[in-house]
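Open the model in your viewer and keep the selection panel at hand. The stops below go from one selection to the next.

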Amino acid sequence: MVAIIVFSILLLVGIGAFAMNVGRIRANILLGRDVDRTDNKSERFKTMALVALGQKKMFKRPIPAVLHLMLYAAFVITQIELIEIFADGLTGQHRMFRGSLGGFYTFMISFIEILSILAFIATFAFLARRNLLKIPRFTMKEMTGWPKLDGNLILIAEIILICFIFMMNGADEVMYQRGLSHAENLGDGSFSFAVSQWVGPALFGGMSDSSLELVERIGWWGHIVMVFSFLNYLPFSKHFHILLAFPNTYYSNLEKKGKFTNNEAVTNEVKLMMDPNADPFAAPAPAEGEVQRFGAKDVTDLTWKNLLDSYTCTECGRCTSSCPANQTGKLLSPRKIMMDTRDRLDEVGKNIRKHGKDYDDGKSLLTDYISAEELWACTSCNACVEECPVNIDPLSIITEMRRYLVMEESKAPSELATMFTNIENNGAPWQFSQADRLKWKDEN
Amino acid sequence: MSELLKVPTMAEMMAAGEVPEVLFWVGCAGSFDDRAKKITKAIVKILNKCDVKFAVLGTEESCTGDPAKRAGNEFLFQMQAMMNIQVLDAYEVKKIVTGCPHCFNTLKNEYPELGGNYGVIHHTQLIQSLIDEGKLKVEGGDTFKGKKITFHDPCYLGRANDVYEAPRQMLQSLDAELAEMKRCRTKGLCCGAGGAQMFKEAEKGNKEVNIERTEDALEVKPDIIATGCPFCNTMMTDGVKNFNKEGEIQVMDVAELIATAADL
Ligand code: SF4
Ligand code: SF4
């Protein structure tokens with residue numbers, strides 16, 4: 001009875017806290033400007049199925065893709081076992097589905113055990129890759145401190161979780177063989193789970209009845225505590241991508257990558273300027289406070305999709321390792337653009353919850369997090385967008401911030417300002433006269 | 001040779017009561033840059049050879065606004081776009097072929113929202129279809145026999161618009177050896193000119209992007225580096241010079257290679 005109460009409290013607190021964290025992140029994302037991504041539902045589902053569920057883009061790099069798949073499969077399939085654990089926990093029974101599901105039950109648990117072993121191997125490989133092999137994308141500037149710890153913590157947690165699973169199943173196996181298990185005795189002498197029927201007796205075979213009971217309970221409770229901790233760790237970690245990868249790929253940009261967004265506020269003004277008959281006072285002036293900035297200075301000037309991108313980022317660095325600017329030693333790193341956006345958004349969200357909606361902390365994404373030098377190094381080559389395994393678009397953030405620099409602050413590098421003047425005066429980025437545009441025809 | 005080039009303007013065509021099949025959008029580089037002008041002429045030679053009824057805007061053409069847009073100057077871009085759309089619509093243009101992937105991308109993807117709707121293709125797509133239709137025969141295949149050619153994907157043709165095959169198919173008709181760089185197609189590395197970088201010094205770093213890219217190309221030991229963009233051409237040409245290889249390696253536009261092979 002006590003166990004049932006403790007379990008129920010754990011369940012409520014675990015899920016309640018998770019819901020709160022998700023709500024907080026959702027509110028943060030909705031601080032962004034609106035953008036319509038509701039069209040073309042079938043194409044969107046297809047993209048989500050291929051990229052998020054099918055991990056299509058991961059397979060551009062096969063070795064990490066296979067290791068990642070082991071972890072991912074174990075993670076997804078293990079959730080099925082949770083159903084029974086919840087049911088057992090709330091009713092005080094033990095392995096309550098085994099009797100009714102019979103052979104299928106043995107198959108499922110065996111499957112989970114095998115995946116767990118694969119995940120165990122993958123986890124060690126990942127830890128070694130992160131910490132022993134000097135892979136440049138894991139050792140860059142933005143990957144020190146919390147991001148590095150975050151990457152390792154989750155791997156260690158995974159190892160602990162898997163140990164708990166085998167303590168739980170292994171000790172229970174030995175108990176079942178001795179006729180002590182709390183599971184219904186079907187008179188078959190063994191659970192026959194693929195891994196624990198061997199591992200159990202090998203590790204715990206020599207233990208006394210009471211120690212076995214203890215090991216089994218530590219495994220069971222440890223497992224469930226890990227699951228709830230993991231759930232509540234997710235929203236503070238890059239591992240939130242496990243969930244956000246789905247909406248993020250669903251709301252992907254389905255246009256050609258070369259198509260930059262059209263700035264409609266600008267369109268209206270340009271139309272007024274170009275039309276000699278237009279009455280500049282005809283258009284109603286936007287109400288005070290509603291005036292939108294051109295481009296983005298802070299996270300609230302970005303779209304909600306940009307902000308969703310930032311929470312989805314796995315910090316894998318595939319974008320940065322393919323970025324021509326970064327590879328040639330420039331300050332720009334598209335991964336850092338995404339991490340900065342997320343960190344600033346967290347900060348803005350916190351401020352709003354603490355001090356109210358209109359609080360200004362005097363900081364902004366531009367300059368306090370991302371410098372103009374980073375922004376101007378981008379060649380708009382789309383390599384980062386192409387590489388990202390969860391369809392994040394760092395380039396659109398870079399472009400919006402360039403727009404702010406140029407249109408609101410007139411802070412383009414001087415050569416670019418000259419280029420603008422040339423286009424304005426001569427219709428070409430260089431100082432050639434438009435009247436000479438056809439001269440090539442007669443030259444040799 | 002150049003007196004043989006037929007380059008009618010839209011205005012001339014209109015005066016003669018004729019309607020061209022396609023407008024050839026030359027672009028700023030193709031009009032003013034000495035190296036790029038040669039590419040423009042190669043494209044014209046191919047169009048002339050195949051009797052494609054085309055016209056240029058000539059002095060009525062103006063920058064598409066691409067470099068302004070990539071640099072964040074949306075005002076300037078939209079001004080350029082709307083002026084160009086007025087001109088294009090006045091001539092009732094339906095189909096455009098461009099000599100530059102940047103013009104191609106901007107006209108094709110970014111003009112529609114401002115009211116300019118045209119069928120836009122890149123010159124590699126047009127030339128490939130001329131070959132497919134049998135209108136263009138590339139018979140002087142010997143010119144490139146035994147030569148090794150590698151193709152550098154322009155970002156605004158490849159990743160930006162998913163055109164990877166047309167230029168490669170063109171090269172295949174040359175009877176040369178086509179060697180891919182280790183970073184090609186979707187993984188192709190930028191030449192360093194995009195995003196308005198062409199018009200400014202690079203930010204502080206430890207290398208120029210075009211040098212990094214030229215190293216990729218040199219690895220396959222090519223005789224010719226082919227590309228489909230006047231800006232990539234400049235960047236790769238400079239890169240080759242940096243390694244003092246300009247005597248051994250040529251940087252050519254696919255249109256030039258086809259024109260040479262077809263004895264134009
Ligand atoms: S688009 Fe910009 S940030 Fe992205 S890879 Fe290219 S240069 Fe780097
Ligand atoms: S933006 Fe994408 S590619 Fe870059 S670090 Fe984040 S998840 Fe990886």
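How many bridges join S1(B) to strand S3 (residues 95–98) of chain B? Three, and the two strands run parallel. This is a predicted model, so read each stop as a description of a prediction.

**Stop 1: strand S1 of chain B**

Select residues 22–25 of chain B, which make up strand S1. Both of its faces are covered: B:Val22 and B:Phe24 are buried on one side, B:Leu23 and B:Trp25 on the other. In a regular strand, side chains alternate between the two faces of the sheet. Now add S3(B), where B:Ile96 stands opposite B:Leu23. Add strand S2 (residues 54–55) of chain B as well; S1(B) pairs with S2(B) in the parallel sense over two bridges. There, B:Phe54 is the residue opposite B:Val22.

**Stop 2: a salt bridge beside these strands in sequence**

Select B:Glu18 and B:Lys53, whose closest N and O atoms are 3.4 Å apart in a salt bridge. B:Glu18 is in the loop between helix H1 (10–15) and S1 of chain B, and B:Lys53 is in the loop between H3 and S2 of chain B, so the pair ties together parts 35 residues apart in sequence. Both ends are partly exposed, B:Glu18 at 38% relative accessible area and B:Lys53 at 32%.

**Stop 3: B:Arg70 and B:Glu110**

Next, select B:Arg70 and B:Glu110, which form a salt bridge with closest N and O atoms 2.7 Å apart. The pair links helix H4 of chain B to helix H6 of chain B across 40 residues. Are these two residues buried or exposed? B:Arg70 is buried, with a relative accessible area of 1%, and B:Glu110 counts as buried at 3%.

**Stop 4: helix H9 of chain B**

Select B:Arg213 and B:Asp216, whose side chains meet in a salt bridge (2.9 Å, N to O). They are three residues apart in helix H9 of chain B, which means a separation of about one helical turn. B:Arg213 is buried at 0% relative accessibility, and B:Asp216 is buried at 3%. Extend the selection to the network of salt bridges with shared partners, whose members include B:Lys182, B:Arg183, B:Lys207 and B:Glu219.

**Stop 5: the open sheet of chain B**

Four strands of chain B form an open sheet in the order S6-S5-S7-S8, with parallel pairing. Strand S6 (177–178) and strand S8 (250–253) of chain B are at the edges with a single partner strand each, so one side of each has no neighbour in the sheet. Strand S7 (residues 224–227) of chain B is joined to S8(B) by four bridges; one to show is B:Ile224 with B:Gln250.

**Stop 6: the interface of chains A and B**

Show both chains. The contact takes 73 residues from chain B and 62 residues from chain A, and buries about 5,900 Å², 62% of it from carbon and sulfur atoms. Six salt bridges cross the interface; select B:Glu113 and A:Lys259 for a salt bridge at 3.2 Å, N to O. Polar contacts between the chains amount to 36 residue pairs, both residues at pLDDT 80 or more. On the side of chain B that touches chain A, H5(B) gives the most, with nine residues. That side divides into 28 nonpolar, 24 polar and 21 charged residues.

**Stop 7: two serines of chain A**

Most residues other than glycine have a negative phi. Select A:Ser380, with phi near 55°, in the loop between helix H17 (372–376) and helix H18 (383–387) of chain A. A:Ser380 is buried, at 2% relative accessible area. Finish at A:Ser410, with a positive phi of about 45°. A:Ser410 lies in the loop between helix H19 (394–408) and helix H20 (414–426) of chain A and is exposed at 63%.

Notes. Residues are numbered from 1 along each chain as its sequence is written. Chains are lettered from A and ligands numbered from 1 in the order in which they are written. This is a predicted model: local features need pLDDT of at least 70, side-chain atom pairs count only at pLDDT 80 or more; totals for chains, interfaces and linings use all residues. Side-chain values use heavy atoms; hydrogens and water are left out. Buried means under 20% relative accessible area, exposed over 50%, partly exposed in between (1.4 Å probe, protein chains only). Two strands pair if DSSP finds at least two bridges between them. Contact means heavy atoms within 4.5 Å. Buried area is the accessible area (1.4 Å probe) that two parts lose on being put together, summed over both. A salt bridge is a side-chain nitrogen of Lys or Arg within 4 Å of a carboxyl oxygen of Asp or Glu. A polar contact is a pair of N or O atoms within 3.5 Å; within protein, one must be able to donate a hydrogen and the other to accept it, and residues adjacent in sequence count only if both atoms are side-chain atoms. Ala, Val, Leu, Ile, Met, Phe, Trp, Tyr, Cys and Pro count as nonpolar, Asp, Glu, Lys and Arg as charged, and the others, Gly among them, as polar.
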